[in-house]
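Student: I have a model open here and would like to go through it with you. Could we start with how the chain is divided up?

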Amino acid sequence: MSTPTPNSAEARDVMFHLHSQTNAQAHAANGPLIMERGEGIHVFDSQGKRYVEAMAGLWCTSLGFSEARLKRAAAEAYDKFGFYHTFNHKTPAATIDLAEKLVALSPIPQAQAYFATSGSEATETMVKLAWVYHTVRGKPGKRKIISRDRGFHGSTIVAASMCGMPRMHREFGLPLPGFLHTLCPDAYHGMQPGEDEAAFVIRLAATLEELILREGADTIAAFIAEPINAGGGIIVPPAGYFPAIEAVLRRHDILVLGDEVVCGFGRTGEMWGSQTVGMQPDMVALAKGISSSYFPISAVILGKPIQDALAEMNKGGEIFGHGFTNSGHPVGVAVALETIRIYEEMDVVPHVRAMGARLRAGLDALAAQSRIVGQVRGAGLMIGVELVAEPASRTAFDPALKIGARFDAEALRNGLVIRAMGDTIGLCPPLIIDAAGVDEILDLFGRTLASVEAGLAQPHTA
Ligand code: PMP
């Protein structure tokens, strides 16, 4: 990052631009990192420095940063028209094709697709559909939503209420009433002494059921979860977690909402994260990988019981009173269709498994040489490396040491973009990565780890 000088792009950014998830004071002091262009898995900053983008931006650019076919698909869609919508019985022609394609790929039988433009809109749409479902079935009191500590579901008010992170709630007075949280299935830190994973799963399910009984099952509409938590630190649930949780939820007539915004479209080494973890959702939210984020588009895939509830409502003459101007936007739809065509042509699932295994093996080898790697975890091309003070006892670093932030700064110096979530280092590279790209990440990761480890005695200054 270069320090702002008057009238520089850096100074104008500090003056005119409020950034997401950023401390503006630190931003003013350090200046922005201005990115100018991308090429495959690499991006280049305004000084011409090259980085491996090992986070695919925000867990999203699965096809890398320069896929010409997506640019062409957008241009051809714009040749027809710049906009059309899906309200009042109208539809852009290509939107029908994407709905059909998503339903064919879907983990949910006899599904339909609903379109929106962001992950937050998709997760909130699922909440409204869950409310319709219960209301139409004569249970309008079923309103509350259960999510999990360290889950992430978006930034709008209901989506943020469903997040399990203090920074998404604090100054906003969230969560809204009726948005409840249960335990995160983090076996590494969450298991009690003497507990194994099977016992941990039983406790997680029992804790969820206690919450449901305490609140009253007749007040609870749905439970939402990412198959594998992304932003919460790449938490892979222990074996048997979702079947155990879902048995409790079904017993109390509570819908299961899957947030596949990060995990969907091959990321975890299956087409859907729900397949990787044995989850059977009633609805899922899709975004990011659906278009490799070349255009803002998201979707909800809804199962037959939800459609039946909507049909009941319609019989009474009511419409589904919901929709976004850009739902099913023809340009986003064209980009998504082309993105999915590319996933199919590259046979994305076995490719992700092979590249994920290579990345994982390399990280495991680095961990074996390191004093500060507690755990390497993940699935497919979504991997977290947790740094701890003492691996044997799983003792975390003193937060004041800001180990994750040090790693992030050092990685950037080395030309590697990662995501530090506390002291867990996230890697989620574009799915098009090849063996040479994986090896480049491993080389830069290894060098960064070595210098962070060597610098542990020094105070953090960045
Ligand atoms: N769900 C998950 C799992 C996410 O990671 C995100 C975004 N990082 C969202 C929902 C929200 O998506 P958006 O930012 O497009 O609203």
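Tutor: The domain assignment splits the protein chain into domain 1 (33-66 + 348-457) and domain 2 (69-346), with bounds that come from an automatic or database domain assignment. This is a predicted model, in which local features need pLDDT of at least 70 and side-chain atom pairs count only at pLDDT 80 or more, while totals for chains, interfaces and linings use all residues. Residues are numbered from 1 along each chain as its sequence is written.

Student: How far apart do the C-alpha centres of domain 1 and domain 2 lie, and how many residues of each are in contact?

Tutor: The two C-alpha centres are 27 Å apart, and 28 residues of domain 1 are in contact with 27 residues of domain 2, where contact requires C-beta atoms, placed from the backbone, to lie within 7 Å.

Student: Which elements give two or more residues to the side of domain 1 that touches domain 2?

Tutor: Those elements are α3 (56-59), α14 (348-369), β11 (373-379), β12 (382-387) and β15 (424-427); helices (H or I, at least four residues) and strands (E, at least two) are DSSP runs, numbered from the N terminus. The largest share of that side of domain 1, six residues, comes from α14. By type, the residues of the side that touches domain 2 are 12 nonpolar, 12 polar and four charged, with Ala, Val, Leu, Ile, Met, Phe, Trp, Tyr, Cys and Pro counted as nonpolar, Asp, Glu, Lys and Arg as charged, and the others, Gly among them, as polar.

Student: Switching to the ligand, which residues are the closest?

Tutor: The ligand is surrounded by 17 residues, of which S118, G119, S120, G154 and V261 are the closest; a residue is near a molecule or strand if its C-beta atom, placed from the backbone, lies within 6 Å of it. Both α3 and α6 (119-136) supply at least two residues each to this shell, and α6 gives the largest share, three residues. The shell around the ligand divides into seven nonpolar, eight polar and two charged residues.

Student: What about α3, where A56 is found: what is the phi of A56?

Tutor: A56 has a positive phi of about 45° although it is not a glycine.

Student: On to the sheets: what is the order of the open sheet with antiparallel pairing?

Tutor: Four strands form that open sheet in the order β11-β12-β15-β14, with antiparallel pairing; two strands pair if DSSP finds at least two bridges between them. Because β11 and β14 (419-421) stand at the edges, each with a single partner strand, one side of each is left without a neighbour in the sheet. Neighbouring strands of this sheet are turned by 20° against each other on average, direction ignored, with axes taken as lines fitted to C-alpha atoms, for helices over the stretch in contact, and angles running from 0 to 180 degrees between N-to-C directions. The antiparallel strands β14 and β15 are joined by three bridges, and A420 has I425 in β15 as its bridge partner. Helix α15 (residues 403-414) packs on the sheet, where it touches β12, β14 and β15, and its direction makes about 175° with that of β14.

Student: And which strands make up the open sheet with mixed pairing?

Tutor: That open sheet has four strands in the order β1-β2-β3-β13. Here β1 (35-39) and β13 (416-417) stand at the edges, each with a single partner strand, so one side of each has no neighbour in the sheet. The strands β1 and β2 (residues 42-45) pair in the antiparallel sense over four bridges, with M35 opposite D45 in β2; they form a hairpin with two residues between them, and G40 in the turn has a positive phi of about 60°. Next, β2 and β3 (residues 50-53) run antiparallel and are joined by three bridges, and their hairpin has four residues between the strands, with G48 in the turn at a positive phi of about 85°.

Student: Last one: where is the place of P175, and which residue does a cis peptide bond join to P175?

Tutor: P175 lies in the loop between α7 (157-162) and β6 (179-182), and the cis peptide bond joins L174 and P175, with omega about 5°.

Definitions and conventions:
Two residues are in contact if their C-beta atoms, placed from the backbone, lie within 7 Å.
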